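Got your viewer open? Load the model below and keep the selection tool handy.

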Amino acid sequence: MPCALTTNITYDSCKNNISGIKRILFTEYSNLDQTNIAKFALTANVVTTLVLATSKLCRAYNLDRQMAEASDNATGNVETKINIYAPTITFTINGFTTVQRNELDLLMKNYLIAIIERKNGTYWIAGLDGGLDVTEIQTAFGKNFEDFSGNIVSLVGKSATRMLEVDSSLIAAQLVAAP
């Protein structure tokens with residue numbers, strides 16, 4: 001049987017599954033090294049190798065607490081027997097500048113790979129097989145002094161594979177140094 005179940009899942013009664021996203025790393029999907037057949041490699045379903053083209057790196061979007069969320073929903077088609085995963089990421093940036101808005105416009109113009117860093121220190125990647133699309137950028141100027149002023153960015157993808165955990169030892173080598 002090719003799809004045999006392999007693992008028991010045990011109830012975890014610990015109350016320490018902290019949610020939340022600390023930062024998101026972005027790079028253009030085209031930055032995956034297209035000359036390298038092994039653009040990425042998995043060990044036990046964890047990304048242990050990620051090969052970007054020469055001089056291509058990720059940009060870090062450091063976020064305020066409770067300003068981002070991600071999900072990886074699966075749907076199955078009974079007739080075609082095909083399962084599709086739909087990763088979504090939404091994040092909020094308080095305030096805005098022209099530089100920031102220009103960067104967000106560049107996000108919208110590209111197919112993207114995103115690596116999210118969760119509050120618990122794990123990393124998860126979306127967009128490895130086709131990229132993510134920015135579907136909406138909401139810019140709010142606010143009416144009253146205390147109103148929200150900033151950007152809300154939404155990304156979606158469509159994938160044959162779910163979001164994958166990334167070995168944390170890969171992260172430092174993938175980042176553009178902050179100025």
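What follows is a short tour, from the whole chain down to a few side chains.

**Stop 1: the whole chain.** Bear in mind that this is a predicted model. Show everything as a cartoon and you'll find one helix and 11 strands. Trace the chain from the N terminus and the elements come in the order β-β-β-β-β-β-α-β-β-β-β-β. Zoom out a little: along the principal axes, the C-alpha atoms fill a box of roughly 60 × 45 × 35 Å. Of the contacts with a separation of 6 or more, 67% are between residues 24 or more positions apart.

**Stop 2: the surface.** Switch on a surface. The chain exposes about 11,800 Å², with carbon and sulfur atoms supplying 53% of that. Buried residues account for 28% of the 179 in the chain. Colour by charge if you like: there are 15 positive and 17 negative charges, and their mean positions sit 2 Å apart.

**Stop 3: the β5/β6 hairpin.** Back to cartoon, and select residues 68-77 and 82-94. These are β5 and β6, an antiparallel pair with 10 bridges. For a landmark, pick A74 and look across to β6, where Y85 stands opposite. Now slide along to the turn, where four residues lie between the strands. Click on K81 there: its phi is positive, near 60 degrees.

**Stop 4: across to β10.** Keep β6 selected and add residues 150-157. That's β10, which pairs with β6 in the antiparallel sense over seven bridges. Here the landmark is I93, with N151 of β10 opposite.

**Stop 5: the salt bridges.** The structure has two of these. Show K22 and E117 as sticks; their side chains meet in a salt bridge at 3.8 Å, N to O. K22 belongs to β1 (residues 21-28) and E117 to β7 (residues 112-118), so this pair ties together parts 95 residues apart in sequence.

Buried or exposed: which is E117? Buried, as its relative accessible area is 8%, whereas K22 is partly exposed at 44%.

Now add R23. Its side chain meets that of E117 in a salt bridge at 2.5 Å, N to O. R23 is in β1 and E117 in β7, so here the linked parts are 94 residues apart in sequence. Both R23 and E117 are buried. Keep K22, R23 and E117 on screen together for the last view: salt bridges with shared partners join them into one network.

Conventions: Residues numbered from 1 in each chain as written. Predicted model: local features only at pLDDT ≥ 70, side-chain atom pairs only at ≥ 80, totals over all residues. Heavy atoms only, no water. Pairing = 2+ DSSP bridges. Helix = DSSP H or I, 4+ residues; strand = E, 2+ residues; numbered from the N terminus. Salt bridge = Lys/Arg side-chain N within 4 Å of Asp/Glu carboxyl O. Buried < 20%, exposed > 50% of the residue type's maximum accessible area, 1.4 Å probe, protein only. Contact = heavy atoms within 4.5 Å. Areas by Shrake-Rupley, 256 points an atom, 1.4 Å probe, with all protein chains shown as cover. Lys, Arg positive; Asp, Glu negative; His and termini not counted. Charge placed at Lys NZ, Arg CZ, Asp CG, Glu CD.
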